[in-house]
Amino acid sequence: MNLGTFQFSNSAKKLNSLLIIIPMVLLFIGVYGGLMQTLFRAGIIQSDPFMGGDYYKGLTIHGVLNAIVFTTFFAVALGNALIPYSLKMNLNTKVAWTSGILMLVGSIMAGVVMLMGEATVLYTFYPPLKAHPLFYVGLTLLVVGSWVAFFNWIPMYLKWRRENPGEKTPLTVVGMFTTFIVWLIATISVAVEILFMLLPWSLGLIDEVNVMLARTLFWFFGHPLVYFWLLPAYVMYYSFMPKLADGKLYSDMAGRLVFMMFVVFSVPVGTHHQYMDPAIGSQWKLIHGIFTFAVALPSLITAFTLAASLEYAGRQRGGKGLFGWITKLPYFDKEKWFFSYLISGLIIFIFGGISGIVNASYQMNTAVHNTAWVPGHFHLTVAGPVLLAFLGGSMYLIHQFMGKPVKMKGWTLSVPYIYTIGVSIFSWGLMRGGLLGMPRRTNTGASYANPESVLYQPDWMPYIDITVIGGIIMFLAIVIFVVAFFATVFARSEVTAEEPKVTFPITAPLHNEPSLWLRNFKPFIIIAIILIVLSYTPVIYDVLQSTYDGSLPYSPNSPVPLR
Amino acid sequence: MDKSEKMALSLSGMLLILFFGAIMYAAVVEDIQVPTCITDMEPFTSDTLFQSGPETYELQMVARMWAFQPSTVRLPVGSTVDMYLTSQDITHGFMIENKNVNLMAVPGAVNYIQVTFDEPGEYFFACHEFCGAAHHTMAGRIIIEEEGAGTQMGALQ
C-alpha cells in the first residue's frame, strides 16, 4: 500500500504546525510541574519556585495540560494530517481553523485560571470542589473544538466511500475514526456534567449538585478518555512502525478487528474507576469489570500482531533463529529515529497493561485504589507509550508540515531510551509505595515524608526518594526533546524546487484478508450504544435512588461552603 | 487469520477467563467484596461506635476537611466491624493499611464495608482523595488491643 505523497494547502500546513507547536509549549509547562511534584512529595520544596502556589495547584496544571490539552491537540493534528493524506482529499481549512481556534482559546482560558490558582480541582474536577467558571468553559471549548475537527472529516470519509465502492478504507482512517467515535460518545457525558451541573453551579445559577452523579458521569468519560489517548498511538504502531523497520503489518484484519473492538468496549467500563464508591451496586461494578477485561483483548491482539510484524521485519533484515530477529531492528539508526519512540513505548506498555489489569480486577482494586500505585500505572500508559508516540509524531509532523530537517537526530533518537529508564524508576517507586498504602494526589513532603511530623511514615521514604531520581531523568529526556524540537522548528527549510509534499511511512499488510464484516462502523456503534445503555442504566438508577443530599460548592482552602 | 494468530487469540481469551475465574473465586469462596449500594442505613452527620454483638461493632465515621471523626479507634482483637463512612463536605478517601478496606467518602451517600481485625497492632489510615489545602494532614489509626482492653475513640494525639 504505497500512498505516496500529498500536497496539503499552505493554510492546512500552517494550522497543523500550530496545533503541534503551541501544545508543545503547554506540555513543557506541565512537565516542569511534574518535576516539581516529585520534589514536593519528597519534602525538598514547599512552594513552587517559579509559578508559585502549592503542590495541588501544580498537580492540577500538570494533569490538565499534559493529559487533556496536549493529547487532544495531538490527536486532532494527527487526524488533520492522516485523513487528507490517506484519502487524497483536501481539508476544509475554514472548519479546521475554527476547530483549532476553539481549542486554543479554551486551553488558554483553563490555563490562565489554573495558574491564578482559581481552579485547584485536579484534572478530575470532582465537585463539590469548585473551580472558576472559566475553567469549565475552557474545557468545554477544547472538547467542542475537537468535535468540530472530527465533523470536518466525516464528509470526506463518506465522499471517499461513495467514490471508491468495494475498496477497503485505509487503516489509518479507520484508526482515527475509531479514536474520535470513542471520544464523541465519551465526551457527551462530561458535556452533560459540565453544562447542566458544574458550570451553572459554579456560576451560582443552581445551588447544589449530586456529587455521586457527577462522579459517575465523569468516569463514563474518564475511562474511554484513556483509549482516546491510546488509539492515536495504536494508529502509529500499526501504520508506521513495521514500515520504519522495513517490514509489513502481519495482519490487516487484526488491525481492523482491534479498532472495532475499541468502538464496542471502550465506554461500558467506567465504573471500574468507582469500585470503592458508595451508591453503586457491586453486581454492576462487576459487569463493568468484565467489559474491562473484554477491552483488554484488543490490546493483547495488538501485542501479538505488532510482535509478529517486527519479527517479519527482523527476518527480512537478516535475523536468524528464534530470537535473532530482535537484534536486527533499527533501534539506533539515526535516519529511523521515529522507530525508537514507538518501540520504547511498546515495551513500557507491557507493564502499563499488566498494572491496568490489576486495577480492573474488582476486589484487587481494594489494595491499590487511590494509592500511589495508580499514578505509577498511568505513567506507564499515558506518560509512557502515549507520550513517546505523540512526541515522535509531533517531531515527524513538524518535519513534514514545515518542510524542516529534523535536527540533533542522535539526541532525538536517544530521548525515548533515556525517558524509558526514568519512567521505569519513577513508576516502580510509586507503585511499590502504593502497595504500602502511600496515597496518590498527596503532598507527602509536608507530612508523611517529613521526619518532624507526627504523621511521618519512614517505610514510605525509599520509594518517595526514588521517584525523585526517576522524575529528574524523565525531565531531562523531555528537555532534550524540546530543545531538538525547537531546533527543528527554527531550522532553515530544506530547499527544494517545488512546494514540499507530505509523506508518511505507511506499512503494507503481509496478510490482507477481505474482512468484509469489519468495513462498516455502523453495526459496531449500535452494539456499543446497546452495551452502554445496558451497563449504565442500573448504575445511574442506583446513584439517583440511594443518594440523599446535594452539595454546595467548596474552595480547597476552607471547610466552610462558599455559599 | 492464520494458525498462529488463532492460537494467540485463544490464549489471550483463556488468560482473561482465568483472571475472571480468580475474581469469582475471591468473591464467592474467600468472600472478599467491594462496596455496594446500601439503602438500609439512615444518613448520619456525627460519628458513633457501639458494640452490636459479642465480637461485633458498628462504626459510623464522618470524613470532613481535614479530619476523620473519629481519628483514633480502639478495639479488642478479634473484632468484626460494620464500617459506615460518609462525608460532611467534599469527597475524601479512606484506606486501612494491611486490610482489605478502601472506601470513598462521598457527600450525599453512605459507604459500607465489613472488616475483621484478627491481629493486634496499629492500623494507620490516611485520606487518599484530594480534599483541599491540608489534605495531606488528614489521617488516623485503628488500634487493635490484646484481650481485656475496652473500646474507645478520640482525636489523634
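A residue counts as buried here when its relative accessible area is under 20%, and by that cut-off 66% of the 563 residues of chain A in this predicted model are buried.

**The whole chain.** Begin with chain A displayed as a cartoon, in which 16 helices and 4 strands can be picked out. Switching to the C-alpha trace, you will find that it spans about 65 × 45 × 45 Å along its principal axes. The radius of gyration of chain A is 23 Å, which agrees with the value near 24 Å that a compact globule of 563 residues would have. Of the contacts in chain A between residues at least 6 apart in sequence, 83% join residues at least 24 apart.

**Helices α5 and α8.** Next, select residues 171-202 of chain A, which form helix α5(A), together with residues 252-265, which form α8(A). The axes of these two helices come within 9 Å and cross at roughly 10°; because angles under 35 degrees count as roughly parallel, α5(A) and α8(A) are described as roughly parallel to each other. Showing side chains on the α5(A) side brings up Leu171(A), Val174(A), Gly175(A), Thr178(A), Ile181(A) and Val182(A), which meet a set of α8(A) residues including Asp252(A), Arg256(A), Phe259(A) and Phe262(A). Coloured by class, the residues of this contact divide into 8 nonpolar, 3 polar and 2 charged.

**Helices α8 and α16.** Keep α8(A) on screen and add residues 522-546, helix α16(A), whose axis lies 7 Å from that of α8(A) at an angle of about 30°. This pair, too, is roughly parallel. From α8(A), the contact is made by Met260(A), Val263(A), Val264(A) and Phe265(A), and from α16(A) by Phe524(A), Ile525(A), Ile527(A), Ala528(A) and Leu531(A). The residues of this contact divide into 9 nonpolar, with no polar and no charged residues. Met260(A) and Val263(A) deserve a label, since they take part in the contact with α5(A) and also in the contact with α16(A).

**Thr271.** Finally, follow the chain beyond α8(A) into the loop that leads to α9 (282-316), and centre the view on Thr271(A). Is Thr271(A) buried or exposed? Its relative accessibility is 0%, so Thr271(A) counts as buried. With side chains shown, a polar contact of 3.0 Å can be traced between Thr271(A) and His288(A). Leaving aside neighbours within four places in sequence, Thr271(A) is in contact with Ile280(A), Lys285(A) and His288(A), and also with Tyr536(A) and Val539(A).

Note on methods: Residues numbered from 1 in each chain as written. Chains lettered and ligands numbered in written order. Predicted model: local features only at pLDDT ≥ 70, side-chain atom pairs only at ≥ 80, totals over all residues. Heavy atoms only, no water. Buried < 20%, exposed > 50% of the residue type's maximum accessible area, 1.4 Å probe, protein only. Polar contact = N/O pair within 3.5 Å; in protein donor to acceptor, adjacent residues only side chain to side chain. Contact = heavy atoms within 4.5 Å. Axes fitted to C-alpha atoms, helices over the stretch in contact; angles between N-to-C directions. Parallel < 35°, antiparallel > 145°, perpendicular 65-115°, else oblique. Nonpolar A, V, L, I, M, F, W, Y, C, P; charged D, E, K, R; others polar. Rg over C-alpha atoms; globule rule 2.2 N^0.38 Å.
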